[in-house]
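Hi,

Here is the structure I promised to pass on to you. Have a look at it first, and my notes follow underneath.

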Amino acid sequence: MDGMEQERIAVVGAGTMGRGIAYVCAVHGFRVRLQDVSENALRAARERIEALLGESEAKGYIAPAQRERALDLLSYHKIG
């Protein structure tokens, strides 16, 4: 994209792969909109992503500020 940076990402599907993509993108500073047709899938994804961020911080992979920023960059939306 000729010098343009992508700052926002939408991930459709909050299953294992979708939540993993959302996690990685948020940790790296992208604003992420995670979407799914299921409220339960979104709830489970939020819980798992929050747990992963906590584990990553506890292991020293990310700083506390990076964890907080990632949480702020994530949003969850029911579609359909």
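In which sense do strand 1 and strand 2 pair, and over how many bridges? The pairing of strand 1 with strand 2 (residues 31-36) is parallel and runs over five bridges. Helices (H or I, at least four residues) and strands (E, at least two) are DSSP runs, numbered from the N terminus, and two strands pair if DSSP finds at least two bridges between them.

Before going on, some housekeeping. This is a predicted model, in which local features need pLDDT of at least 70 and side-chain atom pairs count only at pLDDT 80 or more, while totals for chains, interfaces and linings use all residues. Residues are numbered from 1 along each chain as its sequence is written, and side-chain values use heavy atoms, with hydrogens and water left out.

Now the sheet. It is open, with three parallel strands in the order 1-2-3. Strand 1 (8-12) and strand 3 (74-78) are the edge strands, each pairing on one side only. On average, neighbouring strands are turned by 20° against each other, direction ignored; axes are lines fitted to C-alpha atoms, for helices over the stretch in contact, and angles run from 0 to 180 degrees between N-to-C directions. Val12 has Gln35 in strand 2 as its bridge partner. Helix 1 (residues 16-27) packs on the sheet and touches strand 1, strand 2 and strand 3, where contact means heavy atoms within 4.5 Å. The direction of helix 1 makes about 170° with that of strand 2. Helix 2 also packs on the sheet, touching strand 2 and strand 3, and its direction makes about 165° with that of strand 3.

Next, the helix pair. Helix 2 (residues 39-58) packs against helix 3 (residues 64-73) at an angle of about 165°, with the axes 9 Å apart. Therefore helix 2 is roughly antiparallel to helix 3 (the term covers angles over 145 degrees). From helix 2, Glu50, Leu53, Gly54 and Glu57 meet Pro64, Arg67, Ala70 and Leu71 of helix 3.

Finally, two residues you may like to click on. Ser56 sits in helix 2 and is buried, at a relative accessible area of 9% (buried means under 20%, with a 1.4 Å probe and protein chains only). Leaving out residues up to four places away in sequence, Ser56 touches Tyr23, Tyr61 and Ile62. Ile62 lies in the loop between helix 2 and helix 3 and counts as buried at 9% relative accessibility. The C-alpha atoms of Ile62 and Val27 are 8.2 Å apart, although 35 residues separate them along the chain.

Best wishes

Terms used
Parallel < 35°, antiparallel > 145°, perpendicular 65-115°, else oblique. Buried < 20%, exposed > 50% of the residue type's maximum accessible area, 1.4 Å probe, protein only.
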